[in-house]
Amino acid sequence: MGYNDFVKKLKNLACIVSIEKNSDGTFGEPCIEAANNLYLQSVNVSPSDFVPSRPYHEYIYRDSNFEAMSLKCIRDGRAIHSYVDAEFYNSWMDIYMMPLNSEEADKGYLLFSYEMTPKAETDKLTDVSPETAMQVIRTSIRLRENTDFMKAMELIVEDIRQICKANRCCILQTDFKARKCSILGHSMVSSERAKRLEHYITDDFFEIVEGWEDLIAGSNCFIIHDEKDMLLVKEKNPEWYDSLKSYGVNNLVLYPLRTNGEIVGYIWATNFDISNTLSIKQTLEVTTFILAAEISNHQMFKRMEVLSATDLLTGLYNRNAMNNRITDIVTGKDSFTDAYGVIFIDLNGLKVVNDKEGHNAGDQLLKDAAVMLRETFKDCEIYRVGGDEFLVIVLGQSEEQFNKLVDQLRTSSENSDHVKVAIGTCFGDSKLDIRKAMHFADERMYIDKEEYYNKHPECKRRMQ
């Protein structure tokens with residue numbers, strides 16, 4: 001058909017792709033029929049080594065999305081344009097597919113060409129259909145009009161589910177260092193019988209998530225179009241396959257949320273309108289670009305919040321966190337509805353340990369004290385409020401239970417070889433001003449501390 005001469009006349013890199021239609025109505029895999037030198041250079045194949053009519057994956061990585069786009073282009077007889085994040089090549093790829101006339105009834109042809117850039121280009125990202133542009137604008141507004149990040153995620157995922165005409169849609173946040181994942185947003189049709197995903201997304205689910213990269217395989221997404229794609233899931237991620245089958249999933253589109261070279265989450269839709277796959281892909285390709293950056297900023301903000309409230313040495317809440325907590329209680333932003341207890345704790349002998357054994361030994365003593373407090377006061381608020389001082393706020397316990405916890409701490413301290421603490425407590429009802437409770441506990445702690453040093457003068461701090 002002269003495709004070889006045709007493709008060599010093109011200025012841009014290009015190749016001719018063919019797909020054969022089988023007698024049973026199925027289709028074969030895409031093959032490269034002809035290619036110009038620019039295309040062959042891009043796939044590191046010399047003209048002398050190129051063999052026409054060979055499967056495409058002998059020249060580039062196997063990609064189920066490329067296969068689906070090629071088939072749709074030939075079958076529908078419509079041009080396809082897509083701008084995607086090509087993880088294979090650490091680049092963005094501007095893809096063009098053009099259907100070609102074929103004199104063979106059982107074989108279709110298309111022209112395939114692309115341009116690559118190392119980073120996303122704004123002009124190309126915004127070259128989308130009006131429907132996609134509308135969804136992107138809606139997503140941006142959702143993110144700006146809601147101060148509640150989680151509420152914004154719920155609204156966005158509902159919008160996307162409706163656009164995809166899907167049974168379910170979910171935005172999942174991932175933490176590959178901690179090997180954990182959590183749901184940021186989830187929407188499902190009212191007729192869906194299965195439970196919401198929160199019942200199933202446990203820590204064990206991360207093992208399934210880890211297998212998604214193998215399925216995406218360097219592409220920008222993974223799509224289950226039919227049973228053939230489902231069998232690939234069964235082969236590479238059998239646990240997920242079983243989960244999908246139990247949910248009655250027949251098709252699925254899954255996009256990673258990548259930013260700064262890291263995956264911060266995934267978004268997926270199940271049982272979507274497969275006849276509108278290309279439009280859905282275009283919408284998600286741009287929307288995920290925005291969502292990934294927003295989720296990354298949210299994660300960074302949360303990390304900063306944790307750091308601003310955490311004592312880096314012990315991992316307990318720090319003085320800043322305590323001050324904020326007390327301010328919220330005093331101003332009525334947060335209040336106690338039941339009785340509560342306050343405990344001031346001072347680590348005896350820290351100054352002596354620092355002087356005699358060095359600050360590394362002193363730091364270890366503080367860490368050991370923190371461990372003792374965590375083991376004693378589970379599910380309580382524990383703060384390191386100064387060099388050797390700690391505060392514990394106990395909620396939801398009776399006075400008897402509170403005193404048992406205090407006695408347990410005293411026993412642990414007495415039985416320890418090196419963690420010796422002075423303790424002051426105050427227990428009262430919700431009407432007791434927490435500042436007064438802290439003052440009473442602090443005074444009693446210093447009385448307890450003096451008694452300890454009177455018994456152990458060798459541990460008393462040296463005067464500065």
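Q: What makes Asp203, Asp204, Glu207, Glu239 and Asp242 a negative surface patch?
A: Start with charge: Asp and Glu count as negative, Lys and Arg as positive, and His and the chain ends are not counted. Patch members need over 30% relative accessible area and no salt bridge; like charges are joined within 9 Å, nonpolar side chains (Val, Leu, Ile, Met, Phe, Trp, Tyr) within 5 Å. A charge is placed at NZ of Lys, CZ of Arg, CG of Asp or CD of Glu. Asp203, Asp204, Glu207, Glu239 and Asp242 form a negative patch by this rule.

Q: How do you know which residues are good enough to use in this model?
A: The model is predicted: local features need pLDDT of at least 70, side-chain atom pairs count only at pLDDT 80 or more, and totals for chains, interfaces and linings use all residues. Numbering starts from 1 along each chain as its sequence is written, and side-chain values use heavy atoms, with hydrogens and water left out.

Q: Is Glu239 called buried, partly exposed or exposed, and why?
A: Buried means under 20% relative accessible area, exposed over 50%, and partly exposed in between (1.4 Å probe, protein chains only). Glu239 has 46%, so Glu239 is partly exposed. Glu239 sits in helix H10 (residues 238–246). Helices (H or I, at least four residues) and strands (E, at least two) are DSSP runs, numbered from the N terminus.

Q: Why is Phe206 called buried or exposed?
A: The relative accessible area of Phe206 is 0%, so Phe206 is buried. Phe206 belongs to helix H7 (residues 206–210). Its C-alpha atom is 6.4 Å from that of Arg179, although the two are 27 residues apart along the chain.

Q: What makes Asp355 and Lys351 a salt bridge?
A: A salt bridge needs a side-chain nitrogen of Lys or Arg within 4 Å of a carboxyl oxygen of Asp or Glu. For Asp355 and Lys351 the N to O value is 2.8 Å, and the pair counts. Both lie in helix H13 (residues 350–357), four residues apart, about one turn of the helix. Asp355 has 37% relative accessibility, so it is partly exposed. Lys351 has 26%, so it is also partly exposed.

Q: Which residues are joined into one network by salt bridges that share partners?
A: The network consists of Glu29, Arg62 and Glu67.

Q: How do you know that Glu305 and Lys302 form a salt bridge?
A: Their closest N and O atoms are 3.5 Å apart. Glu305 and Lys302 are three residues apart in helix H11 (residues 277–309), which means a separation of about one helical turn. Glu305 is partly exposed because its relative accessibility is 36%. Lys302, at 39%, is therefore partly exposed too.

Q: How do you know that Glu145 and Arg142 form a salt bridge?
A: The closest N and O atoms are 3.6 Å apart. Helix H5 (residues 130–145) holds both residues, three residues apart, about one turn of the helix. Glu145 has a relative accessible area of 48%, so it is partly exposed.

Q: How many salt bridges does the rule give?
A: The count comes to 22. Side chains of opposite charge can pair when their charged atoms come close.

Q: What makes Tyr61, Tyr89 and Met116 a patch on the surface?
A: Their side chains form a nonpolar patch with about 300 Å² of accessible area together. Areas come from the Shrake-Rupley method with a 1.4 Å probe; for residues, only the protein chains shown count as cover. Met116 has a relative accessible area of 35%, so it is partly exposed. Met116 is found in strand E6 (residues 107–117).

Q: Why is E6 called mostly covered?
A: Nine of its eleven residues are buried.

Q: How do you know that E1 and E6 pair?
A: Two strands pair if DSSP finds at least two bridges between them. Strand E1 (residues 14–20) and E6 have seven, in the antiparallel sense. Ile19 stands opposite Gly108 in E6.

Q: How many bridges join E5 to E6?
A: Nine bridges join strand E5 (residues 91–100) to E6, and the two run antiparallel. Leu100 faces Tyr109 in E6. E5 and E6 form a hairpin, with six residues between them.

Q: How many bridges join E1 to E2?
A: Four bridges join E1 to strand E2 (residues 31–35), running antiparallel. Val17 has Ile32 in E2 as its bridge partner.

Q: In what order do the six strands form the open sheet?
A: The order is E3-E2-E1-E6-E5-E4, with antiparallel pairing. Strands E3 (54–55) and E4 (80–86) are the edge strands, as each pairs on one side only.
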